[in-house]
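Here's a quick briefing to read with the model open next to you. Grab a coffee and follow along in the viewer.

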Amino acid sequence: MNRAISLHRLQQLDQEEESLRHRLREVTAALGETPTLQEARQAVQRAANDAHRWAVRQRDLELAIRGLKDEITSAERTLYNGSVRNPKALDDLQKKVLSLKKLQEKREEELLEAMIAREEAEEAQKQAQAHLVEVESAWRRDQAALEAEKGQLEGRLGEIRRARAALLPTIPREDLELYRNLRRTRGGMAVAVMRFGACTACGMEVPSGRLERAREMDLFFCGNCERILIPEEALL
Ligand SMILES: [Zn+2]
């Protein structure tokens, strides 16, 4: 039964190594920046650009309004200081003042809209920034946990490697070949535990006559799935 016990032990190590490697690949892939973090950072950038654009628009409008006011003041001065006497010229000047005032009104409405939009954009930027801080801190926690898990996985894989290295020389070459063939062709399970006289891999009961002989043999096989069987009590 020692040969089956060794192969069963090897299978446990191999199966654990497989699942650890699988998890290690997942952990490694999850390390680094996540799409959620990148998206949160881009949202802050977008909001900041927005706020900046509205601030520029506000400043441009304020400058335009100041220019219009100067122009109106100067036109009105000319209008009322008596320097222009020609009625047609006076009329034109009056029209010019009127149209400048209309334009000023329009620009002032636009300025109000720009100021409101700027406030909203700045508020949105603040919220995006706060969201980013939250996402970043959750991400840092996750990354630290993943790094810790990676270390544990690598440590355990090292233990498995050492245990395998110690176990392999004790297994005869033909057993190893048999084991590898069965692992390859039987869904990764070469050795099945026998519980209450039945193979736990396929459920087939082992006839009692074979069971008697099995106790004396080093290796015996399930008559149905052909896996190496090991009585559960042999593992206790
Ligand atoms: Zn079986």
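What follows is a short lead, then bullets grouped by topic.

Keep in mind that this is a predicted model. The protein splits into domain 1 (2–10 + 172–235) and domain 2 (31–169), and their C-alpha centres sit 69 Å apart. Three helices get most of the attention here: α1 (residues 2–30) and α3 (residues 87–167), plus α2 (35–80).

**How α1 sits against α3**

- The axes of α1 and α3 come within 9 Å of each other, with a crossing angle of roughly 155°.
- Angles over 145 degrees count as roughly antiparallel, so that is the label for α1 and α3.
- The handedness of this α1 and α3 crossing is left-handed.
- On the α1 side, the contact includes Ser6, Arg9, Leu10, Leu13, Glu16 and Glu17, and further along Leu20, Arg23, Leu24 and Val27.
- On the α3 side, look for residues including Leu146, Glu149, Lys150, Leu153, Arg156, Leu157 and Ile160.
- By type, the residues of this α1 and α3 contact come out as 12 nonpolar, two polar and eight charged.

**How α2 sits against α3**

- For α2 and α3, the axes come within 6 Å and the crossing angle is roughly 160°.
- That makes α2 and α3 roughly antiparallel too, because the cut-off for the label is an angle over 145 degrees.
- Handedness here is left-handed as α2 passes α3.
- The α2 and α3 contact is made up of 31 nonpolar, eight polar and 15 charged residues.

**Leu61, a residue to click on in α2**

- Leu61 is part of helix α2.
- Setting aside neighbours within four places in sequence, Leu61 touches Arg107, Glu110, Leu111 and Ala114.
- Is Leu61 buried or exposed? It's partly exposed, because 19 other C-beta atoms lie within 10 Å, while buried would take 20 or more.
- Pick Ser19 as a second point: Leu61 and Ser19 are 42 residues apart in sequence, and their C-alpha atoms are 65 Å apart in space.

**Ser83, in the loop between helices**

- You'll find Ser83 in the loop that links α2 (35–80) and α3.
- Ser83 counts as exposed because it has 8 C-beta neighbours inside 10 Å, and the cut-off for exposed is 12 or fewer.
- How far is Ser83 from Leu236, C-alpha to C-alpha? They're 118 Å apart in space, with their positions 153 residues apart in sequence.

**Two residues with a positive phi**

- Phe196 isn't a glycine, yet its phi is positive, at about 50°.
- Its place is the loop between β1 (191–195) and β2 (198–199).
- Phe196 is exposed, because the count of other C-beta atoms within 10 Å is 7.
- Glu226 also has a positive phi without being a glycine, this time about 65°.
- That residue, Glu226, sits in the loop between β3 (220–221) and β4 (228–231).
- Glu226 is partly exposed, because 16 other C-beta atoms lie within 10 Å.

Technical notes: Residues are numbered from 1 along each chain as its sequence is written. This is a predicted model: local features need pLDDT of at least 70, side-chain atom pairs count only at pLDDT 80 or more; totals for chains, interfaces and linings use all residues. Axes are lines fitted to C-alpha atoms, for helices over the stretch in contact, and angles run from 0 to 180 degrees between N-to-C directions. Helices (H or I, at least four residues) and strands (E, at least two) are DSSP runs, numbered from the N terminus. Angles under 35 degrees count as roughly parallel, over 145 as roughly antiparallel, 65 to 115 as roughly perpendicular and the rest as oblique. A crossing is left-handed if the near helix is turned anticlockwise from the far one by less than a right angle, and right-handed if clockwise. Two residues are in contact if their C-beta atoms, placed from the backbone, lie within 7 Å. Ala, Val, Leu, Ile, Met, Phe, Trp, Tyr, Cys and Pro count as nonpolar, Asp, Glu, Lys and Arg as charged, and the others, Gly among them, as polar. Domain bounds come from an automatic or database domain assignment.
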